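Please examine the sequence and the three-dimensional model shown below. Then work through the exercises in order, attempting each task before reading its solution.

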Amino acid sequence: MPAGFLFGLHSASLVTCTKHGGLRLPASGVGDILRNHEALCFEAGPQVCRVLRSMVREFNPDNVTGELEFSATRAFMDPFRESLALEAEAAEGRLVSMSAEVEDLSRQVVDTSTRLEPQITLRERFIALLEKDTDDIGDLLEVEEQLANVQSEIESIQSYLRVLEGRVKMDRISICYQSIRRPVTPSTGQPLQEAFGVFLRSQRKG
């Protein structure tokens, strides 16, 4: 069976894409823009977009970072990615990086489905044996045990195929939000001044 037909897709579509983006923004806008992107994903629903990781760190008012990772259908992902640069510019920031890694899953899908077919055939044979009349309880118990093992293997393979299907249907993006570096301000300079003052006092005492 061609790999593409396992998921109702053409074999050329059995690829997954992971994108990495970087935004430089005013410190006051890092959290707001990240949360806006997160809200867009939630509003689209889990069949379209799923947030995998979201985090904002504020080291001081001028140094704020954030990370957002989500998977989404290409119908959602493509316009979202294309809007990042304009959105950053509107917030007086900029898109500093955008890269993509593409992985072809055709071989994994074919290899996994190849493992599935003989297991299904074996299950049918065990079921046929159970349907035969026999007085040997030992044989029945052994067949039932073997059938349970085969069924467990089938479910494991099918579960992995569903994971691959999800990766094919949804791309992933990881975005790093970084505040724009500013000249030294009171909030960033004061700790340095205090540390330098402590150092001078210790030298004088010495």
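The exercises below concern a predicted model, and each is followed by a worked solution.

**Exercise 1. The overall fold**

Task: Determine how many helices and strands there are in the chain, and in what pattern they follow along the sequence.

Solution.
Step 1. Count the elements: the chain holds six helices and five strands.
Step 2. Read these elements along the sequence; the resulting pattern is α-β-α-β-β-α-β-α-α-β-α.
Step 3. Turn to burial: 30% of the 206 residues of the chain count as buried.

**Exercise 2. The cysteines**

Task: State which cysteines a disulfide joins, and decide whether the disulfide is left-handed or right-handed.

Solution.
Step 1. Recall the chemistry: the sulfur atoms of two cysteines are covalently bonded in a disulfide.
Step 2. Apply the cut-off, which asks for two cysteine sulfur atoms within 2.5 Å. The count comes to one disulfide.
Step 3. Identify the partners: cysteine 41 is joined to cysteine 49, with an S to S distance of 2.0 Å.
Step 4. Consider the torsion about the S-S bond of cysteine 41 and cysteine 49; its value is about -105 degrees, so the disulfide is left-handed.
Step 5. Check the surroundings: cysteine 41 and cysteine 49 are both buried.
Step 6. Examine two further cysteines. Cysteine 17 has a relative accessible area of 11% and is therefore buried, whereas cysteine 176, at 38%, is partly exposed.

**Exercise 3. A salt bridge between distant parts of the chain**

Task: Find which residue meets aspartate 171 in a salt bridge, and decide whether aspartate 171 is buried or exposed.

Solution.
Step 1. Recall the principle: side chains of opposite charge can pair when their charged atoms come close.
Step 2. Count the pairs in the model: there are eight salt bridges.
Step 3. Select the pair in the task: the side chain of aspartate 171 meets that of lysine 19, at 3.5 Å from N to O.
Step 4. Locate both ends. Aspartate 171 is in strand E5 and lysine 19 in strand E1, so the pair links distant parts of the chain, 152 residues apart.
Step 5. Assess burial, for which the cut-off is a relative accessible area under 20%. Aspartate 171 has a value of 2% and therefore counts as buried; lysine 19, at 7%, is buried as well.

**Exercise 4. A network of salt bridges**

Task: Determine which residues form salt bridges with glutamate 69.

Solution.
Step 1. Take arginine 53: its salt bridge with glutamate 69 has its closest N and O atoms 3.5 Å apart. Arginine 53 belongs to strand E2 and glutamate 69 to strand E3, so this pair ties together parts that are 16 residues apart in sequence.
Step 2. Take arginine 172: its side chain meets that of glutamate 69 in a salt bridge of 3.4 Å, N to O. Because arginine 172 lies in strand E5 and glutamate 69 in strand E3, this pair ties together parts that are 103 residues apart in sequence.
Step 3. Compare accessibility. Glutamate 69 is buried, with a relative accessible area of 14%; arginine 53, at 36%, counts as partly exposed, and arginine 172, at 38%, is partly exposed.
Step 4. Assemble the network: salt bridges link Arg53, Glu67, Glu69 and Arg172.

**Exercise 5. The largest pocket**

Task: Describe the lining of the largest pocket, and state which element supplies the largest share of it.

Solution.
Step 1. Note the volume of the largest pocket, about 310 Å³.
Step 2. Count the lining: 13 residues take part, and Arg50, Ser71, Gly166, Arg167 and Met170 lie nearest the centre of the pocket.
Step 3. Trace the sources. At least two lining residues come from each of strands E1 (15-25), E2 (49-60), E3 (63-73) and E5 (170-179) and helix H5 (137-169). H5 gives the largest share, four residues.
Step 4. Sort the lining by character: three residues are nonpolar, six polar and four charged.

**Exercise 6. Two individual residues**

Task: Establish where serine 106 and glutamate 92 are placed.

Solution.
Step 1. Serine 106 is found in helix H4 (residues 106-131). Its relative accessible area is 17%, so serine 106 is buried.
Step 2. The side chains of serine 106 and aspartate 104 are joined by a polar contact of 2.8 Å.
Step 3. Glutamate 92 is found in the loop between helix H3 (74-90) and strand E4 (94-104). Its relative accessibility is 66%, so glutamate 92 counts as exposed.
Step 4. The phi of glutamate 92 is near 65 degrees, a positive value in a residue other than glycine.

Definitions and conventions:
Residues numbered from 1 in each chain as written. Predicted model: local features only at pLDDT ≥ 70, side-chain atom pairs only at ≥ 80, totals over all residues. Heavy atoms only, no water. Buried < 20%, exposed > 50% of the residue type's maximum accessible area, 1.4 Å probe, protein only. Polar contact = N/O pair within 3.5 Å; in protein donor to acceptor, adjacent residues only side chain to side chain. 1 Å grid on protein atoms, 1.4 Å probe; cavity = no way out; pocket = protein on both sides within 12 Å on 5 of 7 lines; lining within 4 Å. Points joined across faces, edges and corners; volume = space filled by probe spheres on them. Nonpolar A, V, L, I, M, F, W, Y, C, P; charged D, E, K, R; others polar. Salt bridge = Lys/Arg side-chain N within 4 Å of Asp/Glu carboxyl O.
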